[in-house]
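Me: I've got a model open and I'd like to learn how to read its aromatic pairs and its helix faces. Can you walk me through it?

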Amino acid sequence: MFYKKNTQEVIRLLNSNLTGLSKKEAKERLKKYGHNELKEKEKSSVIKLLLETFKDPLVIILLIAALVQVFLGEVIESSIILTVVTLNAILSVVQSKKAEGSLDSLKKLSIPYTKVIRDNEKITISSRELVVGDIVLVEAGDYVPADGRIIESQSLKVVEGMITGESEPILKCEEEITSDSALGDQKNMVFSGSMVVYGRGMFIVTNTGMDTEVGKIADLLDSAEVKQTPLQQKLDEFSKKLGIGICLLSIMIFAVQVIRGGDLASSFMFAIAIAVAAIPEALSSIVTIVLAVGTNTMAKKQAIVRKLPAVETLGSTSVICTDKTGTLTQNKMTVVEVYTYENKNISLADNVEGNEVAATKNSIQDRCLNLASILCNDSDVNNEGIEIGDPTEVALINYAAENNIDYKMLREKYTRIGEIPFDSDRKLMSTVNKIDDETIMFTKGAPDVIFSRCKYALSSGEVVEVNDEIIDEYRKINEEFSNKALRVLAFASKKVNDNFKPSIENENELTLIGLMAMIDPPREEVYDAVKNAKNSGIKTIMITGDHKTTAIAIANEIGIMNSDDLALTGKELDDLSESKLDKILDKVSVYARVSPENKIRIVRAWQRKGKVCAMTGDGVNDAPALKQADIGIGMGSGTEVAKDSSDIVLMDDNFATIVKAVESGRAIYDNIKKSITYLFSGNLGGIIAIVFALLANLPNPFTTIQLLFINLVTDSLPAIALGLEKPEKGVMNMPVRDSKESILDKETLKTIGIRGSIIGIVTIIAQYIGMKSSPELGCAMAFLTLTLSRILQTFPSRSNTQTALKLGFNTNKYALGAVGVCLVMLFTTLLPFMRGIFAIPVSFGLDSFVICAVLALISSLMMEVVKLIKIK
């Protein structure tokens with residue numbers, strides 16, 4: 001804890017001195033401790049990732065089936081299976097490789113060269129060669145190359161939001177700090193990757209490479225778990241169960257066939273037919289396509305999806321951990337309260353006449369307050385609209401502009417002839433301006449400091465001596481503003497002579513003018529978004545680098561905190577054991593002054609409770625938690641490191657967009673369930689028909705190529721079309737889905753069982769009718785009936801709560817198109833040159849097709865009847 005020690009003690013502990021290390025000593029330390037750079041764990045190779053895709057039980061079964069068919073001479077069937085498996089594997093590897101890159105972006109933040117003192121000489125070296133004990137020089141515009149303790153500071157201001165999450169520049173000092181402090185409060189330290197925006201300074205390097213705060217973040221990134229989405233977990237679990245079931249069923253069928261006296265080849269083919277019928281070969285591709293289409297929908301809502309599974313994960317989100325600045329708030333300091341004695345809540349618009357502040361309409365203190373806020377101010381807005389300067393000062397000129405005051409014209413008219421820059425010890429800034437025939441010094445700063453230096457005050461247009469009544473009133477108003485978490489500035493003035501030389505000794509006997517209070521206000525749309533999230537069963541938690549008081553004020557205003565909720569600082573969180581944190585976790589709605597370790601700990605605590613946790617962030621300090629979270633949400637204006645660690649990037653940095661994305665995620669998950677239900681219902685129908693044929697000692701009703709045609713061709717398009725259904729009514733009023741809930745819950749399995757049985761029965765009837773003429777016609781009619789039934793099943797599958805007639809056939813044109821295309825492809829199997837491939841005999845005519853079509857239509861009508869009964 002170098003921030004707790006004085007500079008001489010730090011220099012002694014690091015065995016250094018103000019003349020710098022010798023080149024020899026630096027070389028020895030570099031050899032001992034290594035270069036000042038970030039390191040990462042070895043990445044998985046493409047070959048390894050490719051091989052891992054073949055661990056899926058269903059893929060293994062398909063590969064076995066393909067190999068058996070090769071030996072049996074069924075080259076076409078085996079080639080189709082191998083092609084499907086290979087395409088799915090390539091798609092999976094591409095998605096895995098896209099997920100890498102967050103540490104690459106972090107490494108790009110390294111600073112190439114640094115100014116140091118070695119052997120009592122100022123030299124420039126590669127930042128990689130920095131070692132602990134080096135004396136480093138920085139000035140405005142420089143990036144800090146390593147962590148260090150300030151030795152000398154001359155108005156040194158550093159932006160370290162990428163580390164602490166706080167966007168305001170921090171004024172640095174060399175004095176030791178006696179109390180335990182969060183990173184954001186260690187004002188005598190600088191951290192690697194932060195940027196100097198004002199002044200200059202000197203520091204001694206305390207940590208390099210992976211030991212820096214950025215290095216710790218890199219280590220957290222490497223250690224953060226890459227979580228499977230709930231859908232991936234459920235599909236993996238189901239694949240294992242389905243794989244075991246298919247193996248057992250195939251073995252049983254093979255054994256029964258052999259016992260009955262069937263030859264090994266035909267018995268194998270019967271068993272393989274069951275495997276092919278049961279496995280939804282296109283499931284992985286269909287889910288990927290539905291998710292990909294969902295990304296387009298979300299992109300229109302300003303949410304860019306980087307990792308496809310994240311679309312589905314959003315639908316089961318139960319906790320959203322969100323940053324404050326820029327996400328819940330506008331990331332723009334805004335003046336919201338103005339006070340002068342006996343003139344509360346004045347409007348600058350009342351002081352404008354011909355684009356100038358008019359003294360004739362309101363009191364003289366109003367005019368002085370307006371002038372002080374504009375003239376005692378170094379900020380500006382250039383011709384391109386870019387704001388330059390301290391955000392607090394920018395807020396003052398923006399307020400003037402909003403009230404039609406031309407601050408540039410006033411600055412030109414009332415020229416600055418002297419100044420005393422802001423200083424952290426004084427907490428004041430003063431400028432001297434020529435106002436008509438008078439010379440005025442304007443001073444702004446911390447209210448308590450200004451109050452103590454004022455001998456006079458403006459009251460009702462008159463300069464009066466300060467008394468207890470005036471100061472007490474000002475202190476009361478200042479306290480009210482502070483309790484609202486407002487940042488308050490006090491303004492004062494002093495008439496001086498034309499030969500006045502500004503100096504800090506002259507910042508006394510001032511005339512108190514008034515107060516201006518500002519805050520980074522919440523976005524307007526956030527209020528409804530937080531309310532909608534709460535109504536949907538989603539808990540919103542604010543995690544910020546800002547101060548606790550400010551965070552609580554914003555959280556209360558927008559509805560994140562309830563009356564009995566808690567707020568913790570990062571230090572208070574560090575003092576809690578895991579068990580204590582788990583006990584109060586549900587009640588903590590605000591975390592302030594947090595570190596990267598705090599953020600990742602909060603996420604893990606919610607995950608221990610089985611909650612699906614989303615995390616937002618924009619800085620380097622957010623990256624580990626973004627990666628650890630079930631769904632990381634980066635900001636479009638944030639760092640590349642944060643975006644590379646995220647699953648989704650919000651282009652408008654808006655919390656309301658997250659809630660909209662959650663709605664899309666819920667709808668997409670619901671549609672994926674519809675697609676899966678559709679696929680497995682059809683597959684079950686095929687299995688029932690095959691098992692019946694086996695038990696009834698009938699010929700296998702399907703060839704392998706027929707089943708592949710159904711699963712890959714006629715099933716795929718309707719399943720994708722179901723994934724494009726509009727959200728069911730009230731999707732956001734539904735409770736948050738339990739992440740442990742199976743993708744095939746009881747209700748879904750019941751639906752699959754009923755629809756599969758209906759399809760299986762009509763298929764068996766078709767084979768029975770055809771068998772009266774010939775076994776070949778029976779099998780052909782079974783194939784056509786099964787295919788038509790599965791195609792027409794598209795309509796009852798579109799909604800769980802409404803019939804296709806009530807829903808309207810035109811509400812999903814993709815479904816109509818998919819059914820139409822599938823019917824055309826089915827008709828191609830009846831063409832003369834295709835009949836041989838699909839085992840359709842010449843005896844199959846129009847009468848046979850009409851029977852198959854009627855049976856398929858009956859199956860769809862029966863599904864709708866079952867749905868009506870269930871709804872009632």
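Me: Let's start with Tyr474. Is Tyr474 buried or exposed?

Reply: Keep in mind that this is a predicted model. The general idea is to look at relative accessible area, where under 20% counts as buried. Tyr474 comes in at 0%, so it is buried.

Me: Which ring does Tyr474 pair with, and how is that pair arranged?

Reply: For a pair like this, read the distance between ring centres and the angle between planes. Tyr474 pairs with Phe451 at 5.8 Å centre to centre, with 50° between the planes, and that makes the pair tilted. Phe451 is in helix H16 (residues 447-453) and Tyr474 is in helix H17 (residues 468-483), so the contact between rings ties together parts 23 residues apart in sequence. Phe451 is buried too, at 4% relative accessibility.

Me: What cluster do those two rings belong to?

Reply: Follow the ring pairs from one residue to the next. Here they link Phe451 and Tyr474 with Tyr339 and Tyr341 in a cluster.

Me: How many aromatic pairs does the structure hold?

Reply: There are eight of them. One to try next is Phe709 with Phe838: their centres are 5.0 Å apart and the planes meet at 70°, which is edge-to-face. Phe709 belongs to helix H26 (residues 704-714), while Phe838 is in the loop between helix H32 (832-835) and helix H33 (846-871), so this pair ties together parts 129 residues apart in sequence. For burial, Phe709 has a relative accessible area of 10% and is buried, and Phe838, at 6%, is buried as well.

Me: What sits over the ring of Tyr198?

Reply: For this kind of feature, check where a charged end lies relative to a ring. In this case the charged end of Lys157 is over the Tyr198 ring, 5.8 Å from the ring centre.

Me: Now helices. Which residues of helix H2 are buried?

Reply: Go through the helix and sort its residues by accessibility. In H2 (residues 23-33), Ala26, Arg29 and Leu30 are buried.

Me: Why do they count as lining one face?

Reply: Look down the helix axis. The buried residues of H2 fall within an arc of 105°, so they line one face of the helix. Lys24, Lys27, Lys31 and Lys32 are exposed on the other side of H2. As for what covers the buried residues, strand E1 (113-118) is included.

Me: What phi does Gly34 take, just after H2?

Reply: Gly34 has a positive phi there, about 90°.

Note on methods
Residues numbered from 1 in each chain as written. Predicted model: local features only at pLDDT ≥ 70, side-chain atom pairs only at ≥ 80, totals over all residues. Heavy atoms only, no water. Phe/Tyr/Trp six-rings, centres within 6.5 Å; stacked < 30°, edge-to-face > 60°. Helix = DSSP H or I, 4+ residues; strand = E, 2+ residues; numbered from the N terminus. Buried < 20%, exposed > 50% of the residue type's maximum accessible area, 1.4 Å probe, protein only. Lys NZ or Arg CZ within 6 Å of the ring centre and 35° of its normal. Arc of directions from axis to C-beta. Contact = heavy atoms within 4.5 Å.
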